[in-house]
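Biologist: I should like to go through this structure with you and ask, for each term you use, what justifies it. Please begin with the word that your first example will need.

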Amino acid sequence: MAATGQTAGPRAFVLEADPLEPIALIEGRYDDRSLTRLLTRFVLERRGFGWWALFLPALGALGLFLAAVAVTVFIGVGTWGNNIPVAWAFGITNFVWWIGIGHAGTLISAILLLLQQRWRTSINRFAEAMTLFAVICAGLFPLLHLGRPWFFYWLFPYPSTMRVWPQFRSALVWDVFAVGTYFTVSLLFWYMGLIPDLATLRDAATSRRKRILYGIFALGWRNSLRHWKHWRVAYLLLGGLATPLVVSVHTVVSFDFATTLVPGWHSTVFPPYFVAGAIFSGLALVMTLIVPARWLMGNKTVVTLKHLENMNKMILATSWMVAYGYITEHFIGWYTANRYEHSTYQDRLTGAYASVFWALMLCNVLVPQVFWSKWARTSVPVMWLVSVLINVGMWSERFIIIVQSLHHDYMPSQWYLFRPTWVDLSLLFGSMGLFATLFLLFLRYVPAVPISEVKELNSETAAEGQLGAGQPEPSGL
Amino acid sequence: MATYVLAEFESGARMLAAARRVRDLRVGDLDGYSPYPIEGADEALGIARSKVPALVLVSGLTGALLGYLMLYWCNAVDYPINVGGRPLHSYPAFIPITFELGVLFASTASFVGLLAFCGLPRPHHPVFDVAKFRSASVDRFWLSVRTDDVGARSKIESVLADEKALDVAVLEDEA
């Protein structure tokens, strides 16, 4: 991007005409060397005990997860609380919740890249890593739910001795392709952005072991401008490809429900409603993670309050999209004049799971409204608390959609309550341990804020003469 | 045997200014190195348009086409099952996987294409023999000229000195 001040018109006029960037995205004055040091510090230098204080509990929760997985695999899914009619229960609730969380990562890294939102730069790596780990957690649940997870490869079209092929008219098989593609593309996008930064780590590392290790993963990147040219184009293209992909993934997930005849599921509002909910919950989790991480890593000058405030505005906006989804869902349920739909939505408001329903309304619709106030948007404790409540609310929403709809379908004689067992609860909380373990390892071994992109942003703002930028280039690059 | 002349610069603008002058000497292959992409590099170094987009387009279309053919062949030809009397070739139901496979092929092509066009992974390159070259990923801007013409070296070095290069190194490339 060229410096806008030099391309057209008097400088002051152009700067005033850009109301989207009124505040510097990097606080303080940095040159390239001090930025590199700031952003590689947590990976290359000695860390305090804060990291360990978070990592050990995460490992504990991971242990719980592995124990619950072992019970599920060796004894069977009968150890879960699932029954008929509630055959999906926690397993699919957790799957939908986790996969939705991943979506905000792609939104921040890909969609905001295409929209040229510069504030994404400081948080995109972080959000992409969250996507990857959330998709890993999500993928494990349907796998375990198979009952015989070692036969998972039956889902893929391969020439088997049984001479059968998958039934591609089933939405469940679409899921396999959607989630598989989503994971692959997210991984490639993340790694491509990472290559130049791994080269920076290789070059900034002081120990031989680190230099060799980061050198291997940097693939021999030497910062050639010929390579940067290809890199920029390829990165932008991946962003462009990930954007329709992210919309398609939760759409396909929602088809698992919408293509059935279960009252409460059989609705055309599901795809957009699921995608909005996915982005909403993912933004909330980014917030939940980034608040402690920026404290832990000491990079508050690069991940500023301005970034957090922008995120809060997006949370507020997506909260209204989700609210609109709830209203439409209930209105259409009533408008169908179908007594089974009426009964399901009536039960949702007043039945056995009504407390969960009202909790989700509180967390997803009411609580985010505090972000109308600038004070709440810029208060770190408030935004963290709100983000945690939204995570709870979104999990409850998935639970209500799945369990409440299933437990109350056409035949009253089939109605049956679902109660989670300790294995269900251990898998849910344990998967958070798996996520936290992966995430903390990421923070420790990989630069969580993109180094080259922040330096590029810093040099651009320097050229534009904005507040807080480093020394301008002598000949006005 | 080729020779690399490497020069370190304080800023991208100086490096590109030197690149323009060295390029006019027409003595060898130029490359620039910087911690992040910089404006004006394409013109100064004579970098051509990237071929990654063409590769991505072709791969994406190939993936979608192969995906659709696979779906059709599996469900309508090799293993036809009657599901509620619906047509065996139910094309609306084939759209999601066709789309996903198109995106999968295109994305993989963009990654593989990037590496292929850059000649990576390449763990060692002559420029890494200069210890100070590590600053290229931190805060310095480097220019390299690969030349077979031994007599051109002094001309290049005088231009580099004239453009205020911080440091100049000369390497012999054995390869």
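Modeller: A residue is called buried when its relative accessible area is under 20%, and exposed when that area is over 50%. The model itself is predicted, with ipTM 0.91 and pTM 0.88.

Biologist: Which residues of α12(A) are buried?

Modeller: They are Glu341(A), Thr344(A), Tyr345(A), Asp347(A) and Arg348(A). These residues lie on the same side of α12(A), because the arc they cover around the axis is only 155 degrees. On the face turned away from that side are Arg339(A) and Thr350(A), both exposed.

Biologist: What covers the buried residues of α12(A)?

Modeller: The cover includes α11, α13 and α15 of chain A.

Biologist: How do you know that the length of α12(A) agrees with what is expected at 1.5 Å a residue?

Modeller: Helix α12 of chain A has 12 residues, 339-350, and should therefore span 16 Å; the C-alpha atoms at its ends are 16 Å apart, so the two agree. At the start of this helix, the backbone nitrogen of Tyr340(A) has a side-chain oxygen of Asn338(A) within 2.8 Å.

Biologist: How does the same test turn out for helix α4 of chain A?

Modeller: Its 25 residues, 50-74, should span 36 Å, and its end C-alpha atoms are 37 Å apart, which agrees. Among the buried residues of α4(A) are Trp51(A), Phe55(A), Leu62(A) and Phe65(A). Elements covering the buried residues of this helix include α3, α6, α10 and α16 of chain A. After α4(A) comes Gly76(A), with a positive phi near 130 degrees.

Biologist: Why is Glu397(A) called buried?

Modeller: Its relative accessibility is 2%, and the limit is under 20%, so Glu397(A) counts as buried. This residue is found in helix α15 of chain A, and its contacts include Tyr273(A), Val322(A) and Leu360(A).

Biologist: What makes the pair Glu397(A) and Tyr326(A) a polar contact?

Modeller: The two side chains are joined at 2.7 Å, and the cut-off for such a pair of N or O atoms is within 3.5 Å, so the term applies.

Biologist: Why is Trp415(A) called partly exposed?

Modeller: The relative accessible area of Trp415(A) is 36%. Partly exposed is the class in between under 20% and over 50%, so the value belongs there. Trp415(A) lies in the loop between α15 and α16 of chain A and touches Ser343(A), His407(A), His408(A) and Asp409(A), leaving aside residues up to four places away in sequence. A polar atom of its side chain lies 3.5 Å from the backbone oxygen of Met411(A).

Biologist: In chain B, is Glu8(B) buried or exposed?

Modeller: Glu8(B) has a relative accessible area of 3%, which is under 20%, and is therefore buried. This residue is found in strand β1 of chain B, and the residues it touches include Lys132(B), Arg140(B), Phe141(B) and Trp142(B). Chain B has a mean pLDDT of 86, and 98% of its residues reach 70 or more.

Biologist: Which residues of the largest nonpolar core touch the most other members?

Modeller: They are Trp98(A), Phe435(A), Phe439(A), Leu443(A) and Leu143(B), in a core of 177 residues. Helix α10 of chain A contributes the largest share of this core, 18 residues. Another core, of 16 residues, lies apart from it and includes Phe168(A), Ala171(A), Ala93(B) and Leu101(B).

Notes. Residues numbered from 1 in each chain as written. Chains lettered and ligands numbered in written order. Predicted model: local features only at pLDDT ≥ 70, side-chain atom pairs only at ≥ 80, totals over all residues. Heavy atoms only, no water. Helix = DSSP H or I, 4+ residues; strand = E, 2+ residues; numbered from the N terminus. Expected span 1.5 Å × (residues − 1). Buried < 20%, exposed > 50% of the residue type's maximum accessible area, 1.4 Å probe, protein only. Arc of directions from axis to C-beta. Contact = heavy atoms within 4.5 Å. Polar contact = N/O pair within 3.5 Å; in protein donor to acceptor, adjacent residues only side chain to side chain. Core = buried A, V, L, I, M, F, W, Y, C linked by side-chain atoms within 4.5 Å. pLDDT = per-residue confidence, 0-100.
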